[in-house]
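Reader: Could you walk me through this chain, with the criteria behind each value spelled out as we go?

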Amino acid sequence: MSASRQFPRYAVAANVELHHAAGLAQGRTRNVSRGGLCAVSQGSVSTGTEVEARISLVFKDGAVSEPLLLPMRVVWCTTMGTAAGSEFQIGCAFLQLTPDQRQYLEVFLRYLEEGSAGERAEAAAHAPPVPEKEDPFTD
């Protein structure tokens, strides 16, 4: 984590809808943290726009969770390409959350955190053993 990051980010491709006064941007998250999220969408959203984010996990069996509804502000939006039909990367920061919203966000992030730890443990369990190296200083 860089010195400028206040919260750890969790890489997750969740469904996300950013509802705002001028319309809707739909896409997938790249990462989520306690401070906000990064999403990729076909539509852009102007910096400074307040949005209602609706974030839904997509499980391995294709099932989708109930959406987590959170108020956010777009802090940056960049184009990811130069051709027509380019995607946009959108960075959003959470606005003031209610106690219920904060609790739901914590449950969501805990799920991501535990899933990441479980995936690392599963990968380690299935990894081939590392051969021991001979110590050149012993007989």
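Author: A contact here means heavy atoms within 4.5 Å. This is a predicted model, in which local features need pLDDT of at least 70 and side-chain atom pairs count only at pLDDT 80 or more, while totals for chains, interfaces and linings use all residues. Residues are numbered from 1 along each chain as its sequence is written, and side-chain values use heavy atoms, with hydrogens and water left out.

Reader: Among contacts between residues at least 6 apart in sequence, what share joins residues at least 24 apart?

Author: The count starts from contacts in the chain whose residues are at least 6 apart in sequence. Of these, the share that joins residues at least 24 apart is 49%.

Reader: Which pattern do the helix and strands follow along the sequence?

Author: Helices (H or I, at least four residues) and strands (E, at least two) are taken as DSSP runs and numbered from the N terminus. By that rule the chain has one helix and seven strands. Read along the sequence, they give the pattern β-β-β-β-β-β-β-α.

Reader: How many residues of strand 4 are buried?

Author: Buried means under 20% relative accessible area, exposed means over 50%, and partly exposed lies in between, with a 1.4 Å probe and protein chains only. Both faces of strand 4 are covered, since Gly36, Cys38 and Val40 on one side and Leu37, Ala39 and Ser41 on the other are all buried. Strand 4 is therefore largely enclosed by the rest of the structure, and its buried residues number six of six.

Reader: Which residue in strand 7 is the bridge partner of Gly36?

Author: Two strands pair if DSSP finds at least two bridges between them. Strand 4 pairs with strand 3 in the antiparallel sense over five bridges, and these two strands form a hairpin with three residues between them. Six bridges join strand 4 to strand 7 (residues 87–94), again running antiparallel. In strand 7, the partner of Gly36 is Ala93.

Reader: Cys38 sits in that strand; how many disulfides does a search of the whole structure find?

Author: A disulfide is a pair of cysteine sulfur atoms within 2.5 Å. The cysteine sulfur closest to that of Cys38 belongs to Cys92 and lies 8.6 Å away, which is too far for a bond. Cys38 is buried at a relative accessible area of 8%, and Cys92 is buried at 5%. The number of disulfides found in the whole structure is zero.

Reader: How many residues apart in sequence are the parts that Arg34 and Glu106 tie together?

Author: A salt bridge is a side-chain nitrogen of Lys or Arg within 4 Å of a carboxyl oxygen of Asp or Glu, and the side chains of Arg34 and Glu106 meet in one at 3.0 Å, N to O. Arg34 lies in the loop between strand 3 (23–32) and strand 4 (36–41), and Glu106 in helix 1 (residues 99–126), so the parts they tie together are separated in sequence by 72 residues.

Reader: Which strand holds Glu50, the salt-bridge partner of Arg73?

Author: The side chains of Arg73 and Glu50 meet at 2.8 Å, N to O. Arg73 is partly exposed at 32% relative accessibility, and Glu50 is partly exposed at 48%. Arg73 belongs to strand 6 (residues 68–80), so the pair ties together parts 23 residues apart in sequence, with Glu50 in strand 5 (residues 50–56).
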